[in-house]
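User: I want to go through this model and ask what stands behind each label. Please keep the answers short.

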Amino acid sequence: MKQYITDMKKAVADERDALTLLADGIDETYEEVFELFLRCKGKLAFMGVGKSGHIGEKLAATFASLGIPAFYVHSTEAMHGDLGMIQPNDIAVLISNSGNTAEVVQNVAPLKRNGVTTVAFTAGKTGRLAELCDYAIFYPQEKEADVLGLAPTVSSTLALALGDAFACALSQAKGFTRGNFYAFHPNGALGSMLKEEGN
């Protein structure tokens, strides 16, 4: 087998194994944040930079499509006026794998001054983000899949999967239906399928 095929298989296996570890670790420690999200009277504001920012954008879109109002704010732009997008009845979910990303951590103090509840979303249990935020969601801190062990691969997959898990469980808890999904997703293949079902 050619080396690059072996390398690709290993990368996928590394991410698979990390996801298994994540799934096995989901327990009652997530309940407090789950209930916080469930009771939210405003929207969830996902924040991050770099690859964590891309994960935040995707999670905001997923939450919104499943009936949990959400949006994304770039952590750097937030400090240049976009903090005004986030209101006191919203919840800010700040994403940083290390928990020490300066561009993310710097948002916590002004958010709290503005009366916004903050949630750290991180693998860094001893990082500044978890220390400063009101609540924290943790995912496993595992080695990245690239040969250097540096590129966000395993970590971004874990953050995405855990965020998706929260979105799916919250949607079910809220009694979100296929008809509700169609209301937010009337176009594309999914929209056509749901329309044919009579939604």
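**Labels and the values behind them**

Analyst: Gly67 follows α3 and has a positive phi, near 90 degrees. Keep in mind that this is a predicted model.

User: How do you know that the length of helix α3 agrees with its number of residues?

Analyst: Helix α3 covers residues 50-65, which is 16 residues. At 1.5 Å a residue, the expected span is 22 Å. The end C-alpha atoms lie 23 Å apart, so the two values agree.

User: Which residues of α3 are buried, and what covers them?

Analyst: The buried residues are Ser52, Gly53, Ile55, Gly56, Leu59, Ala60, Thr62 and Phe63. Their cover includes the strands β1 (44-48), β2 (70-74), β3 (91-95) and β4 (117-122). Helix α8 (154-173) is also part of that cover.

User: Staying with α8, why is Ser155 called buried?

Analyst: Ser155 lies in helix α8. Its relative accessibility is 8%. The cut-off for buried is under 20%, so Ser155 counts as buried.

User: What does Ser155 touch, leaving out residues up to four places away in sequence?

Analyst: Ser155 is in contact with Asn97, Tyr139 and Glu144.

User: How many aromatic pairs are there?

Analyst: The count comes to five aromatic pairs. In one of them, the ring centres of Tyr30 and Phe166 are 6.0 Å apart, with the planes at 70 degrees.

User: What makes the pair of Tyr30 and Phe166 edge-to-face?

Analyst: Centres must lie within 6.5 Å to pair, and planes over 60 degrees apart count as edge-to-face. With 6.0 Å and 70 degrees, the rings of Tyr30 and Phe166 satisfy both, so the pair is edge-to-face.

User: Which parts does this pair tie together?

Analyst: Tyr30 sits in the loop between α1 and α2 (31-39), and Phe166 in helix α8. The pair therefore ties together parts that are 136 residues apart in sequence. Both Tyr30 and Phe166 are buried. Ring pairs also join Tyr30, Phe37 and Phe166 into a cluster.

User: What lines the largest pocket?

Analyst: The lining has 13 residues. Nearest the centre of the pocket are Thr29, Tyr30, Lys125, Phe138 and Tyr139. α1 (3-25) and β5 (135-138) each supply at least two lining residues.

User: How much space lies in the largest pocket, and how does its lining divide by residue type?

Analyst: The largest pocket holds about 190 Å³ of space. Its lining divides into nine nonpolar, two polar and two charged residues.

Key. Residues numbered from 1 in each chain as written. Predicted model: local features only at pLDDT ≥ 70, side-chain atom pairs only at ≥ 80, totals over all residues. Heavy atoms only, no water. 1 Å grid on protein atoms, 1.4 Å probe; cavity = no way out; pocket = protein on both sides within 12 Å on 5 of 7 lines; lining within 4 Å. Points joined across faces, edges and corners; volume = space filled by probe spheres on them. Helix = DSSP H or I, 4+ residues; strand = E, 2+ residues; numbered from the N terminus. Nonpolar A, V, L, I, M, F, W, Y, C, P; charged D, E, K, R; others polar. Expected span 1.5 Å × (residues − 1). Buried < 20%, exposed > 50% of the residue type's maximum accessible area, 1.4 Å probe, protein only. Contact = heavy atoms within 4.5 Å. Phe/Tyr/Trp six-rings, centres within 6.5 Å; stacked < 30°, edge-to-face > 60°.
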